[in-house]
Amino acid sequence: MNPTPSRERICLLTGGGYPYRRDALGGWCRTLVEGLRRFRFELLTVTDRELPSAPAYPLPFHVGSARAVALGRDPGRAERRRAATPDGAVEAASMLCRGLLGDDLPITGQFATGLRRIAELAGAPDPLAGVPLADALLEAWRTRQAELGPDQPLPRLSVRDARTAATLLRHAMRALAVPLPEVELVHCVGGTTPLLAALSGRWRSGTPLLLTEARAAVPRQRPAEDRLSVGVRTVLRRFRTSVARTGYAEAELIAPLSTYHHGWALEHGAMPSRLVQVPAGVDPREYPGAVELSPAPAVVWAGSGGPDSGLALVLEAFTEVAAAVPGTVLHLVGVTAAHEDHCAEQIERTGLGRTVRLHPLPADPRDRYTVGQVVAHVPGPADPPYRLVEAMMSGRAVVGVDVGPAGETLGEAGVLVPPNDPSELAIAIVDLLRTPTRRRALGDAARQRALNHFTVDRVVRVYGALYTDLAAPPPAPAFELALTVPAPRATTPATVRWLTRENS
């Protein structure tokens, strides 16, 4: 029998993912929601992409609502000029621009203060209406360059660059106006866009914030941004880093997925007492470790197939694999409908033809990796290690690119190769295809490591405790009887005690 949902309501806030898209982070979120049935979930995804028509995952009974919000188009310059400028908006924008170019602490820094003031003005879709943001950005740029001096020059930022950057920042900060449901806890999973919405909601309502850190070590540049100037890319990178730092300062708890993410959070201002590392986990029953189905050589790569998914490196390496081991087939598993055309174009460009098979994400996870003998784990820059854990639990030999948490996740149970080196990746894959005994031994070791360290029950148990600590109602007020002993008080939960240790 399913447990009755508790009174605690959790807003799971993502950036264009669960439950609308089947990707690595969506699978992790699904695992969490389906395992914590005693809580009531309100699912919210904030995206600047096309709105999905319907959820991609079936919703359990304890999900109260699922809502997707697309950030609207930025109004034109003429429309912004006609709009009334809210009081304090110009000063807040100036503080934000000065702060994102400085190195001050997020708690007391200008960026966080400016962002919070803008959030307080976010009753309208465009809280910066009528604000000359490009002028503020240029002024902050000149001031910062004067402080740094000629020995540490900032990239050139032209007037045109400043206007482009201002347009992109305006669009990003529209997330500050997204209303959050009334809940006891906001659990933010993802990057800059959902974190902006979470911060704004926290500042408005005071709702506790739990932040799962799964981002890449460097706030990622989107594929289309390589056409922007160096100055504009610098503004975006500093903005995303500043938002992350502010999130670390405001969150009650931060739950990184790995030691790698844990270190990045510490480096960017997170307090050690607020960090609770919770590795990714999967259900062993969904990945039973099936035997190799065919003696024919085959390689599997799992990913969305988008421009920033690691696909280009896989195809480049597989060109060498196909030449060394004729007849080898590459299975691209989990390619989304939105990226099928991109995949087809990339395959045609390499001339691999029929040696590559495209598969949509299988409904049954048991079928995800069984078509291959070797798994090539080449993640995108923002992918969590969820796909790697899936491959390990499936009992397949894994060749992983040594980026992010891949090394600590795989350990000695697979082969690691340097990043951005397709030849090394190809050599490792060919070696495993030609040595079935070693390949199967590594597959067995990978599954055992996953069973020991990366199971879903661990994830559910820890997050259940974090939700209870942060979302449970406060203890009833304690009263002291006059001239008698004090009334007993409830014990502070362990995780909350971590937060208050520094203040005791």
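How many bridges join strand β7 to β10? In this predicted model, the two strands are joined by 2 bridges and run parallel. Strand β7 covers residues 298–302, and β10 covers residues 374–377. Within this pairing, V299 stands opposite V374 of β10.

Strand β10 also has a partner in β11, which spans residues 397–401. This pairing is again parallel, with 4 bridges. Here A397 of β11 is the bridge partner of V374. V374 thus faces V299 and is bridged to A397.

The side chains of β10 were examined next. In a regular strand, side chains alternate between the two faces of the sheet. V374 and A376 point one way from β10, while V375 and H377 point the other way. Residues on both sides are buried.

Attention then turned to the nonpolar cores. The largest one has 62 residues. L115, M173 and F239 have the most contacts inside this core. Which residues does F239 contact, leaving aside its neighbours within four places in sequence? They are L100, F111, L169, A172, M173, T192 and L196. Apart from the largest core lies another, of 52 residues. Its members include W28, A406, Y463 and Y467.

Two of the contacts of F239, L169 and A172, belong to helix α6. This helix runs over residues 159–172. At 1.5 Å a residue, its 14 residues should span 20 Å. The C-alpha atoms at its ends are 20 Å apart, so the expected and computed spans agree. The buried residues of α6 are D161, A162, A165, A166, L169, R170 and A172. These residues cover an arc of only 165° around the axis, and therefore lie on the same side of α6.

Two backbone features were found in loops. Most residues other than glycine have a negative phi, and most peptide bonds are trans. The peptide bond from Y18 to P19, however, is cis, with omega near 0°. P19 sits in the loop between β1 (9–14) and α1 (24–35).

The second feature concerns N420. This residue is not a glycine, yet its phi is positive, at about 60°. N420 lies in the loop between β12 (415–417) and α14 (422–434). Is N420 buried or exposed? Its relative accessibility is 70%. The cut-off for exposed is over 50%, so N420 counts as exposed.

Note on methods:
Residues are numbered from 1 along each chain as its sequence is written. This is a predicted model: local features need pLDDT of at least 70, side-chain atom pairs count only at pLDDT 80 or more; totals for chains, interfaces and linings use all residues. Side-chain values use heavy atoms; hydrogens and water are left out. Buried means under 20% relative accessible area, exposed over 50%, partly exposed in between (1.4 Å probe, protein chains only). Two strands pair if DSSP finds at least two bridges between them. A nonpolar core is a set of buried Ala, Val, Leu, Ile, Met, Phe, Trp, Tyr and Cys residues joined through side-chain atoms within 4.5 Å. Contact means heavy atoms within 4.5 Å. The expected span of a helix is 1.5 Å times one less than its number of residues. The arc is that of the directions from the helix axis to the C-beta atoms.
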